[in-house]
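Trainee: I keep running into labels like "salt bridge" and "buried". Could we go through how they are earned?

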Amino acid sequence: MAKELTYAEVKKHNNNQGAWVVIHNEVFDVTPFLNEHPGGEEVLLEQAGKDASEAFEDVGHSTDARELMQKYKIGDIVEAEKKPVREKVTTWTSDNDPKANNQT
């Protein structure tokens with residue numbers, strides 16, 4: 001069973017000596033990954049100690065990145081503090097679609 005952590009516990013780990021982030025209610029210790037992160041350690045440190053779900057999704061991480069991050073998982077947010085997980089959905093429309101251009 002995964003260790004259950006609170007946001008208060010995560011918040012304490014917000015520097016390069018200990019950087020934890022929450023992504024979709026899962027807690028990751030990214031401290032050992034700081035120097036390897038392709039976007040630079042500053043990006044991770046900016047999110048350290050908080051919920052980084054939106055920032056993580058906004059960047060559009062690859063499947064490989066999502067698999068790699070599992071090795072840094074240390075637990076889950078306690079049930080009482082979990083936030084709804086919103087999948088990022090991209091809607092593609094065509095320029096020729098009259099509904100997309102409000103031409104109905």
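Mentor: Let's take the labels one at a time, keeping in mind that this is a predicted model.

Trainee: Okay, why is the contact between E26 and K73 called a salt bridge?

Mentor: The cut-off is a Lys or Arg side-chain nitrogen within 4 Å of an Asp or Glu carboxyl oxygen. For E26 and K73 the N to O distance is 2.9 Å, so the pair earns the name. The structure holds 5 salt bridges.

Trainee: And what makes that pair a tie between separate parts of the chain?

Mentor: E26 sits in strand β4 (residues 26-29) and K73 in strand β5 (residues 73-77), so their bridge ties together parts 47 residues apart in sequence.

Trainee: Are those two residues buried or exposed, or something in between?

Mentor: In between! Partly exposed covers the range between under 20% and over 50% relative accessible area. E26 has 22% and K73 has 28%, so both count as partly exposed.

Trainee: What makes E26, K73 and D76 one network?

Mentor: Shared partners. K73 also meets D76 in a salt bridge, at 3.2 Å from N to O. Salt bridges with partners in common join E26, K73 and D76. D76 itself is at 17% relative accessibility, so with the limit for buried being under 20%, D76 is buried.

Trainee: How do you know that E57 and R66 form a salt bridge?

Mentor: Try the test again: their N to O distance is 2.8 Å, and the limit is within 4 Å, so they pass. E57 is buried at 11%, while R66, at 30%, is partly exposed.

Trainee: Now the strands. Why is β3 called mostly covered?

Mentor: Strand β3 spans residues 18-23, and 6 of its 6 residues are buried. Both faces are covered: G18, W20 and V22 lie on one side, with A19, V21 and I23 on the other.

Trainee: How do you know that β3 pairs with β2 and with β4?

Mentor: Count bridges. Pairing takes at least two. β2 (residues 14-15) and β3 have 2 bridges, in the antiparallel sense, so they qualify. β3 and β4 have 4, also antiparallel, so they qualify too.

Trainee: Which residues stand opposite each other there?

Mentor: N14 stands opposite A19 in β3, and W20 stands opposite D29 in β4.

Trainee: And what links these strands?

Mentor: Hairpins. One joins β2 to β3 through 2 residues. β3 and β4 form a hairpin with 2 residues between them, and H24 in that turn has a positive phi of about 50 degrees.

Terms used: Residues are numbered from 1 along each chain as its sequence is written. This is a predicted model: local features need pLDDT of at least 70, side-chain atom pairs count only at pLDDT 80 or more; totals for chains, interfaces and linings use all residues. Side-chain values use heavy atoms; hydrogens and water are left out. Buried means under 20% relative accessible area, exposed over 50%, partly exposed in between (1.4 Å probe, protein chains only).
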